[in-house]
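Welcome! Let's take a friendly look at one helix, the sheet beside it and the core they help to build.

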Amino acid sequence: PRPALPTLNGLSGGYRCGHRRPRASSAGPAAAARLRRRRSLAGAMAAGASYSFSSQPKPVSATRKKFRDPGEGDMTMFRELKETSIMWDKRVVRGNTRSMYTRNAMKDALEDASMTASPPARTRRRKVKEPNIFAMPLPEEERIPVDLSAHLIAKEQVIEVECVEAQTDEFLPEPPPEQYRPQKTGVDVYTQVEDGELFDFDMEVEPILDVIVNKTLEQSVMEVEEEFEMESMHNFKTEWYRRQQAMMKDWQEQVQAERTRWEEKEVIVKQKREEKRREAQVKLKMQAMALAKQQLARAVPNAVNRLQEVAFPDAKAIAINRIFLPQLFAQVQQQVQTVASTRQIVDEMTAGTVRSSAAARERAIAEQRERHREMQRRRHEEKQIRQGKIRILVDTGSGDGKVAVGPVQLSSADDIATVQSRVFEWLKENEPQLAAAWQHGVLLCIGGEPVEATMQLFEARAGQISMVARPPPPPTPEEAEEGEDEEGEEG
């Protein structure tokens, strides 16, 4: 494994980085052998024995190289170049070493180095101790919550601020210099104060004694109360442990009684099971004896009958079994085949009749549905006619079938000429080819007869309204004369 890099000496001081020389044990078998020879030689010299070279001198081999080529041999003993340079060490920080980001990076590098240097030790998981169901804790002391926020949180004092304008006064005049005081001459005079004139000890010490005596008495009362409380707690604890021991003893007695009852129950159950097993064995033996009696009772007659059939055969029975029965079975089989083929023919005929009747019934139902749809269509068309909406089917004569014209809205106040012109306008908009073929207009008919009044259309039934092309109007006298002149010119 690679040797671990040294840790940093500090943030403010300089950094020292280096590496340890790799051990010879990681250089391969040859290096390990050399190390063993050196150790044996050192041990011999330490023992005090004189050492001399035992082999003859040999010249240096000319084939041995004075240096190694890169990539030759086992290179795992040497570290990479970038790992031996301080410029590649992540723990050496460049720039500001006081920032939070730089400290976190150095901490991560130290953790990575420690993790690679020594593998984490396996921690043995402790067995979880099961809690005892009889471990009853002492009653908790009643705690009175005390609010300490006033002593822990600084109070926010609102500073009142007020803007006031002020004008500085003029400079006051300088104080006059002190007057000259000549050096004191003469004798000092003093006054003697006797004891008791300024301070009375008995009177001044009385409040202090009151405080000391009161504090002493208060502390004594508090200690007496604490001793009484400790004694009460000790008595309660002793009584509680006594009750727990009594409860434990009672519980053990109950458990022992329950165990005794369970053992008695198991003994009774075992006895009953043994009785049931014996009863079952007796029943099996009785059944086996009864079955053996039945089998043995029929064994002798059955054996005699079988021996009689084998040793003394009956000629009539042989004739019946070998001649009569095969012929009878053949005739029965032929008759059954005939009946089956007859039934198959009858079934085929019946199925064909049923299929033909079903097809006829389906056709009749389809025709009935078509007639019903036609009647519904006629009723709807008549209803539309009564409401003034007519639909006309016109045969164009081109072989494409009939063309539906409409619906066209009518009114009883309109005359028949207005209705016909409205139908012709509809043809111009929706069927221009038919309108171009009927240039002179249309003529509405009911049952082949021209319609004279609009009310006849409202009273018509479905399919009675038809339409034909209006015949061209007769020519006027001027048009007739022009036609004769054109015929004379052509002659």
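**Helix α6**

In α6, the buried residues (under 20% relative accessible area with a 1.4 Å probe, protein chains only) are Ile416, Val419, Gln420, Val423, Phe424, Trp426 and Leu427. Their arc around the axis (taken from the directions from the helix axis to the C-beta atoms) is only 155°, so they lie on the same side of α6. This is a predicted model, in which local features need pLDDT of at least 70, side-chain atom pairs count only at pLDDT 80 or more, and totals for chains, interfaces and linings use all residues. Residues are numbered from 1 along each chain as its sequence is written, and side-chain values use heavy atoms, leaving out hydrogens and water.

**The core**

- The largest nonpolar core (buried Ala, Val, Leu, Ile, Met, Phe, Trp, Tyr and Cys residues joined through side-chain atoms within 4.5 Å) has 24 residues.
- α6 gives the largest share of this core, 6 residues.
- Leu427 is in contact (heavy atoms within 4.5 Å) with Val405, Pro432, Leu434, Ala435, Trp438, Val442 and Met467, leaving aside residues up to four places away in sequence.

**The sheet**

- Helices (H or I, at least four residues) and strands (E, at least two) are DSSP runs, numbered from the N terminus.
- An open sheet of 3 strands, paired (at least two DSSP bridges between two strands) in antiparallel fashion, has the order β4-β3-β5.
- β4 (449–450) and β5 are at the edges with a single partner strand each, so one side of each has no neighbour in the sheet.
- Between β3 and β4 there are 2 bridges, and Cys445 has Pro450 in β4 as its bridge partner.

Definitions and conventions:
Buried < 20%, exposed > 50% of the residue type's maximum accessible area, 1.4 Å probe, protein only.
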